[in-house]
Amino acid sequence: VADLWFTEYQTPNLRLGLRIKDVLLNKQSPYQHILVVDTDQYGKVLVLDGAIQLTETDEFCYHEMMAHLVLCAHPCPERVLVIGGGDGGVVREAIKHEAVKKVTLVDIDEDVINTSRTFFPNVSCALEDERVEIKPMDALLYVKEHFNEFDIVIIDSTDPVDFASGLFEPEFYKDVHKALKDDGLMIAQTESPFAEPKLLSEAFKGLRSVFENVYLAWGVVPTYPTGFWTYSVGSKSIDPRIQRRSAPKGTKYYSDDMHPLAFKLPPFVREII
Ligand code: AG3
């Protein structure tokens, strides 16, 4: 029996290995390498430029936190912008909120969107919802042309390398700030305090230079480097630690109990930011 393994080089000194049942897609898009493998441990896995973006088994941990931490903190989230996230996982969670009238997804790589439609129907399902608008383009340009329009901006980026690095810069955060309404909230994935402490503190510092208030939340995502993941929330006025609307039904990681808990930080994380 063949003994085939996928390996992610999570840091220069740390690898994650998953036994492969099948390679379902292995191609180069105009922007990045796209790999879909089927594994015994975590089901199907989406990998972009060597970095795991989601697995069928644990994607809920990440997508629920990215969406509901801000959507449940906002009194009335009607307009939502998702940047990156072409797989549709965050969009799926966002449209669980009846208050949400329209979700705009801006991902630079249409091939990621179509890959998700083909191999991850349970993640991409909401992309066909009538409340969802899809813009395959560079988000750095999109946010420059939208002012005072969104209640919520969710930055579901890849790691800050290559075309995604601009999504971790203060210049971009300034445009996000302008795209938000006066009571708007934004959230960005900001990596692991064990694998990338510098990246986390730089991103957090960048956000603090732009937003009136910035908060750090954390959660577990087993297949991301070290499994300990962070989410940075930028706010113009409201305090996102207070949950104003209850969790949608059927969530598996996020809940009314988890909301305030996510903002409680272990001391070593407090020291990094
Ligand atoms: N975006 C965050 C992925 C970061 C993972 N990093 C890594 N594996 N080195 C995920 C997109 C899912 N919608």
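Here are some exercises with worked solutions on a predicted model of a protein chain with a ligand.

**Exercise 1. The two domains**

Task: Work out which domains the chain has, and which elements of domain 1 touch domain 2.

Solution:
- Begin with the domain assignment, which gives domain 1 (5-55) and domain 2 (59-272).
- Next, take the centres over C-alpha atoms: those of domain 1 and domain 2 are separated by 22 Å.
- Now count the residues in the contact, where domain 1 supplies 20 residues and domain 2 supplies 18 residues.
- Then look at the side of domain 1 that touches domain 2: the elements giving two or more residues to that side are β1 (5-11), β2 (14-28), β3 (33-39), β4 (43-48) and β5.
- The largest share of that side is from β5, with five residues.
- Finally, sort the residues of this side of domain 1 by character, and you find 13 nonpolar, six polar and one charged.

**Exercise 2. Around the ligand**

Task: Find which residues come nearest the ligand, and which element gives the most to the shell around it.

Solution:
- Start with the 15 residues around the ligand, of which A51, I52, Q53, D87 and G89 come nearest.
- Move on to the elements: β5 (51-55) and α2 (89-94) are those that give two or more residues to the shell.
- With four residues, β5 gives the most to the shell around the ligand.
- Check the domains as well, and you see that domain 1 (5-55) and domain 2 (59-272) each provide at least three residues of the shell.
- As for character, the shell holds six nonpolar, six polar and three charged residues.
- Put this beside the first exercise: β5 gives the most to the shell around the ligand, and β5 also gives the largest share of the side of domain 1 that touches domain 2.

**Exercise 3. Following V36 across the strands**

Task: Trace how β2, β3 and β4 pair, and find what stands opposite V36 on the β2 side and in β4.

Solution:
- Take β2 and β3 to begin with: they run antiparallel and are joined by seven bridges.
- These two strands form a hairpin, with four residues between them.
- Along this pairing, V36 in β3 has L25 opposite.
- Go on to β3 and β4, which also pair in the antiparallel sense, over six bridges.
- They too form a hairpin, here with three residues between the strands.
- The bridge partner of V36 in β4 is L46.

**Exercise 4. One face of a helix, twice**

Task: For α6 and α3, decide where around the helix axis the buried residues lie, and what they pack against.

Solution:
- A reminder helps here: an α-helix has 3.6 residues a turn, so residues three or four places apart point the same way.
- In α6 (residues 170-179), the buried residues are F172, Y173, D175, V176 and A179.
- Looking down the axis of α6, you find these buried residues within an arc of 160 degrees, so they line one face of the helix.
- Their packing partners are β6 (79-84), α5 (139-142), β9 (150-156), β10 (180-189) and α7 (197-208).
- Turn to α3 (residues 110-119), where D111, V112, T115 and S116 are buried.
- These residues of α3 cover an arc of only 140 degrees around the axis, so they are on the same side of the helix.
- The cover over the buried residues of α3 includes β2, β3, β4 and α4 (121-124).

**Exercise 5. Three loop residues**

Task: Place D49, D162 and P75 in their loops, and decide whether each is buried, partly exposed or exposed.

Solution:
- Most residues other than glycine have a negative phi.
- Against that background, D49 has a positive phi, near 45 degrees.
- D49 sits in the loop between β4 and β5, and it counts as partly exposed because it has 16 C-beta neighbours inside 10 Å.
- D162 is not a glycine either, and its phi is positive at about 60 degrees.
- D162 is found in the loop between β9 and α6, and it is exposed, with 11 other C-beta atoms within 10 Å.
- P75 belongs to the loop between α1 (59-71) and β6, and it counts as exposed because it has 10 C-beta neighbours inside 10 Å.
- One last step for P75: its C-alpha atom is separated by 5.9 Å from that of R244, although the two residues are 169 residues apart along the chain.

Methods:
Residues are numbered from 1 along each chain as its sequence is written. This is a predicted model: local features need pLDDT of at least 70, side-chain atom pairs count only at pLDDT 80 or more; totals for chains, interfaces and linings use all residues. A residue is buried if 20 or more other C-beta atoms lie within 10 Å of its own, exposed if 12 or fewer, and partly exposed in between; C-beta atoms are placed from the backbone. The arc is that of the directions from the helix axis to the C-beta atoms. Two residues are in contact if their C-beta atoms, placed from the backbone, lie within 7 Å. A residue is near a molecule or strand if its C-beta atom, placed from the backbone, lies within 6 Å of it. Ala, Val, Leu, Ile, Met, Phe, Trp, Tyr, Cys and Pro count as nonpolar, Asp, Glu, Lys and Arg as charged, and the others, Gly among them, as polar. Domain bounds come from an automatic or database domain assignment. Two strands pair if DSSP finds at least two bridges between them.
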